[in-house]
Amino acid sequence: MANILIVDDDDSVRGIILDLLSDRYKCNTASSAEEAFQYLEIENYDAVLTDIAMPGLNGVEFLKRIQAKDLGTPVILISGKNDEEDSEALMKLGAFAYLHKPFSLDEIEYIVDRAVRNRNGSV
């Protein structure tokens, strides 16, 4: 079973995504990027979903640190802002996907499935 890390400071968003994915994947949740790094130190993940706007280390900095550690983990960024320029810039930084709120549950499932298959070489 693939491992997914869900990072969002909003309890309800974290809970919705966890409920959606936990039947198909082993999921861990974190309310901050700092907390998420504790998980990344002890476990490998097939995908990470993270909000961009969080207190402390934001999602973009979190993405950069994951890239710097060369974990090869697909990172899916979620934002409340729908900005095409941001999307392009984040993809150039190495984000696997960029989703904006409100997102559909089908969209999350599809993107996570693609990320897991990509990570495992099944694409």
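## Close-up views of a predicted model

**View 1. Gly 59 sits in helix H3.** Helices here are DSSP runs of H or I with at least four residues, strands are runs of E with at least two, and both are numbered from the N terminus. Please keep in mind that this is a predicted model: local features need pLDDT of at least 70, side-chain atom pairs count only at pLDDT 80 or more, and totals for chains, interfaces and linings use all residues. Residues are numbered from 1 along each chain as its sequence is written, and side-chain values use heavy atoms, with hydrogens and water left out. Gly 59 is buried, at a relative accessible area of 0%. Buried means under 20% relative accessible area, exposed means over 50%, and partly exposed is in between (1.4 Å probe, protein chains only). Beyond its neighbours within four places in sequence, Gly 59 is in contact with Thr 50, Asp 51, Ile 52, Met 54 and Leu 77; contact means heavy atoms within 4.5 Å. Look also for Ser 79, which is 20 residues from Gly 59 along the chain, with 9.1 Å between the two C-alpha atoms.

**View 2. Phe 37 and Phe 62 form an edge-to-face aromatic pair.** A search of the whole structure finds one aromatic pair. In this pair, Phe 37 and Phe 62 lie 5.0 Å apart centre to centre, with 90° between the planes. Rings of Phe, Tyr and Trp (its six-membered ring) pair if their centres lie within 6.5 Å; planes under 30 degrees apart count as stacked, over 60 as edge-to-face and the rest as tilted. Phe 37 belongs to helix H2 and Phe 62 to helix H3, so the pair ties together parts that are 25 residues apart in sequence. Both rings can be checked for burial: Phe 37 is buried at a relative accessible area of 13%, and Phe 62 is buried at 0%.

**View 3. Helix H2 has buried residues Ala 33, Ala 36, Phe 37 and Leu 40.** These residues cover an arc of only 105° around the axis, which puts them on the same side of H2. The arc is that of the directions from the helix axis to the C-beta atoms. The buried residues of H2 pack against E1, E2 and helix H3 (59-68). Turn to the other side of H2 and you will find Gln 38, Glu 41 and Ile 42 exposed.

**View 4. Helix H1 (residues 11-21) has Val 13, Arg 14, Ile 17, Leu 20 and Leu 21 as its buried residues.** They cover an arc of only 130° around the axis, which puts them on the same side of H1. Their packing partners are strands E1 (3-7), E2 (26-30), E3 (47-51) and E4 (75-79), together with helix H5 (105-119). Asp 11 and Asp 19 are exposed on the face of H1 turned away from its buried side.

**View 5. Lys 26 and Glu 43 meet in a salt bridge, 2.6 Å from N to O.** This pair links distant parts of the chain, with Glu 43 in the loop between H2 and E3, Lys 26 in strand E2, and their positions 17 residues apart. A salt bridge is a side-chain nitrogen of Lys or Arg within 4 Å of a carboxyl oxygen of Asp or Glu. Lys 26 is partly exposed, with a relative accessible area of 39%. A search of the whole structure finds eight salt bridges.

**View 6. Lys 69 forms a salt bridge with Glu 41, the closest N and O atoms being 3.1 Å apart.** Here too the pair links distant parts of the chain: Lys 69 is in the loop between H3 and E4, Glu 41 is in helix H2, and they are 28 residues apart. Lys 69 counts as partly exposed at 42% relative accessibility, while Glu 41 is exposed at 54%.

**View 7. Asp 113 and Arg 117 share a salt bridge within helix H5.** The N to O distance is 3.1 Å. The two residues are four apart, about one turn of the helix. Arg 117 counts as partly exposed, at 31% relative accessibility.

**View 8. Asp 46 is buried yet has no salt bridge.** Asp 46 is found in the loop between helix H2 (33-42) and E3. The nearest side chain of opposite charge, Arg 119, is 4.3 Å away; Lys and Arg count as positive and Asp and Glu as negative, with His and the chain ends not counted. The side chain of Asp 46 reaches the backbone nitrogen of Asn 3 at 2.7 Å.

Terms used
A polar contact is a pair of N or O atoms within 3.5 Å; within protein, one must be able to donate a hydrogen and the other to accept it, and residues adjacent in sequence count only if both atoms are side-chain atoms.
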